[in-house]
Amino acid sequence: MRVGPLIEKVLWHEKASVILTSATLTTHGEFHYIRNTLGADEANEIQLGSPFDYESSTLLYVANDIPEPNSSEYQHALHRAITSAATAAGGRTLALFTSYAALRKAAQAIAAPLAREDILVYEHGEGASPNVLLESFRTTERAVLLGTRSFWEGVDIPGEALSVLLIPKLPFDVPTDPLIAARSETYEDPFGEYFVPEAILKFRQGFGRLIRSASDRGVVAILDRRILTKQYGRLFLESLPRCTLRQGPTANLGREVTKWLGV
């Protein structure tokens, strides 16, 4: 189930030189996971800093009192947080979900209160293609976009059209998925060696949706308290560029958005 041996055979041993470049090759500042996955044990590596000043441009807000995702109270708290942040920003908000079911529940819960604020809600999975949804979101002055899967990467909306990014849950793969289960069986410590590094890579990709140019400014809100309460949580936080980091109650999210964006 590993691609490393195949890549080693048809690529590493067949080419005089190969260059791999990406903004998200490292987990917790190291190339170990990607090296192991791709069989690139002999590769040289270099990690370059970002041209963006995240400390000045990005507020990373971690809700420290939101119930954990397996709690019955979590969804209600999440929906209030999305509504609060989107209202404070006047729309301009992207929420990245890990499942369509959670996305649909959120869409149903926030549509009416946001409509009263003249804010439209676009949701992935309602028939329109991702490109059409992105264009509708980009050209609508007051809108919220709820996305999953493909929206964690490749979304490029520079400027004020996207000012708030919400991450309801850390993007762990579903362990019961047959492909994920088969891959995880090849590791001695599946959670630490596979699930956590994969989730960190996706988390970093999602984070990267917000700041797309040197003049961008915005808020990333993490609405999963496990990033504070679990031992692996610090690996996620330490994998991000240095931002202005604040922890606080979920009820303060709207106020923090307003202050940071100056709206």
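How many bridges pair S2 and S4, and in which sense do the two strands run? In this predicted model, S2 and S4 are joined by five bridges in the parallel sense, where pairing requires that DSSP finds at least two bridges between two strands. Residues are numbered from 1 along each chain as its sequence is written. Local features of the predicted model need pLDDT of at least 70, side-chain atom pairs count only at pLDDT 80 or more, and totals for chains, interfaces and linings use all residues, while side-chain values use heavy atoms, with hydrogens and water left out.

Helices (H or I, at least four residues) and strands (E, at least two) are DSSP runs numbered from the N terminus. Seven strands form an open sheet in the order S3-S4-S2-S5-S6-S1-S7, with parallel pairing. Strand S3 (120-123) and strand S7 (244-248) stand at the edges with a single partner strand each, so one side of each lacks a neighbour in the sheet. From one strand to the next, the twist averages 20°; angles run from 0 to 180 degrees between N-to-C directions, and axes are lines fitted to C-alpha atoms, for helices over the stretch in contact. At the S7 edge, strand S1 (residues 58-63) pairs with S7 in the parallel sense over five bridges, and Tyr61 has Arg246 of S7 as its bridge partner.

Helix H4 (residues 74-89) packs on the sheet and touches strand S2 (93-97), strand S4 (143-148) and strand S5 (164-167), its direction making about 155° with that of S2; contact denotes heavy atoms within 4.5 Å. Helix H6 (residues 130-139) also packs on the sheet, touching S2, S3 and S4, and its direction makes about 155° with that of S4. H4 further packs against helix H5 (residues 100-115) at an angle of about 45°, with the axes 10 Å apart. H4 and H5 are therefore oblique to each other, the class left after angles under 35 degrees (roughly parallel), over 145 (roughly antiparallel) and 65 to 115 (roughly perpendicular). Gln75, His79, Ile82, Thr83, Ala86 and Thr87 of H4 meet Lys105, Ala106, Ala109, Ile110, Pro113 and Leu114 of H5.

Within the sheet, five of the five residues of S2 are buried, as are six of the six residues of S4; buried means under 20% relative accessible area, exposed over 50% and partly exposed in between (1.4 Å probe, protein chains only). In a regular strand the side chains alternate between the two faces of the sheet. On S4, Ala143, Leu145 and Gly147 point one way and Val144, Leu146 and Thr148 the other. S2 carries Thr93, Ala95 and Phe97 on one side and Leu94 and Leu96 on the other. Bridge partners between S2 and S4 include Ala95 with Leu146 and Leu96 with Gly147. S4 is also joined to S3 by four bridges in parallel, with Val121 opposite Val144. Three bridges link S2 to S5, again in parallel, and Thr93 has Val164 of S5 as its bridge partner.

The largest nonpolar core, a set of buried Ala, Val, Leu, Ile, Met, Phe, Trp, Tyr and Cys residues joined through side-chain atoms within 4.5 Å, has 41 residues. Leu145, Phe172, Phe203, Ile227 and Phe236 have the most contacts inside this core. S1, S2, H6, S4, S5, helix H8 (190-207), strand S6 (218-222) and helix H10 (233-238) each supply at least two of its residues, and the largest share, eight residues, comes from H8. Apart from this core lies another of 32 residues, among them Tyr61, Ile82, Leu166 and Val257.
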